[in-house]
Amino acid sequence: MTRSERYTGTAMALHWLVALLVIGNLVLVWTIGSLPGPMVRPAIDTHKSIGITVLGLVLLRVLWRLSHPPPPLPPAYPRRERLLAHGAHLLLYALILALPLSGWIHDSAFKDASAHPLRLFGLVPWPRIAPIMALDPVRKEAVHAFWFRVHGLLAYGLYVLLALHLLGVLKHHLLDRDPVLHRMLPRRRGPRRATVAGQER
Ligand code: HEM
């Protein structure tokens, strides 16, 4: 596979980092209900920190993608599959942006926000959204509840889309045996080439 048929190293790094952080954040939030009391607050804070990091990385990814168009899909792909792949990728970008944004809005309406300032990984102070913090308590509670619902619904959308994305990649890799997965993997070093009398051919 040539260089122009693969994603750039930066695009690959951002893809795998975002994938790891999003899946890690989902797993973290699923476990919160079963954690002992004193661990719940730190776990929620870590969830927020990972989510804000994802927001920053996805914005970088979008900028990178706009300035470095991805390699074209193999020409043998039927039009229907191209449309499906592009549609799913666009929706995935929308969801991984909307999820952290909705979480941030929800958290900005947290009634005890002043007692729990946002600090990324306990280190970097991070602002909440001022106009939401300034709402009166009744409206703030309504915003808090509404955006939590949105946050949860977006996560369901993400589960569906992630499953479709994985199934699509597996179909191409295992059934069609085309190089779609390798476009997003670093180039493997091939076996050493045969030599004649110690000299590489
Ligand atoms: C990668 C990005 C994110 C993903 C995939 C994600 C996913 C989720 C999911 C699936 C839930 C459970 C929803 C439910 O029970 O209905 C949740 C809860 C929550 N999320 Fe996020 N989230 C992300 C980013 C954020 C961000 C950036 C914030 C805030 C700054 C945030 C704040 C919260 C809070 C406060 C909860 C409630 C936790 C609890 O009380 O148990 N999330 N998130």
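## Overall dimensions

The protein has a radius of gyration of 22 Å, whereas a compact globule of 201 residues would have one near 17 Å; the radius is taken over C-alpha atoms, and the globule rule is 2.2 Å times the number of residues to the power 0.38. Along the principal axes, the C-alpha atoms fill a box of roughly 80 × 45 × 35 Å.

The model is predicted: local features need pLDDT of at least 70, side-chain atom pairs count only at pLDDT 80 or more, and totals for chains, interfaces and linings use all residues. Residues are numbered from 1 along each chain as its sequence is written, and side-chain values use heavy atoms, with hydrogens and water left out.

## Nonpolar cores

The largest nonpolar core (buried Ala, Val, Leu, Ile, Met, Phe, Trp, Tyr and Cys residues joined through side-chain atoms within 4.5 Å; buried means under 20% relative accessible area, with a 1.4 Å probe and protein chains only) has 21 residues. Val18, Val22, Val58, Ile96 and Leu158 have the most contacts inside this core. Helices H1 (9-31), H2 (37-67), H3 (79-108) and H5 (137-175) each give two or more residues to this core; helices are DSSP runs of H or I, at least four residues long, numbered from the N terminus.

A second, separate core of 5 residues includes Ile52, Trp104, Leu118 and Leu120.

## Packing of H2 and H3

H2 and H3 pack at about 140°, with their axes 9 Å apart; axes are lines fitted to C-alpha atoms over the stretch in contact, and angles run from 0 to 180 degrees between N-to-C directions. Among the residues making the contact (heavy atoms within 4.5 Å) are Val54 and Val58 of H2 and Ile96 and Trp104 of H3.

Methods. Buried means under 20% relative accessible area, exposed over 50%, partly exposed in between (1.4 Å probe, protein chains only).
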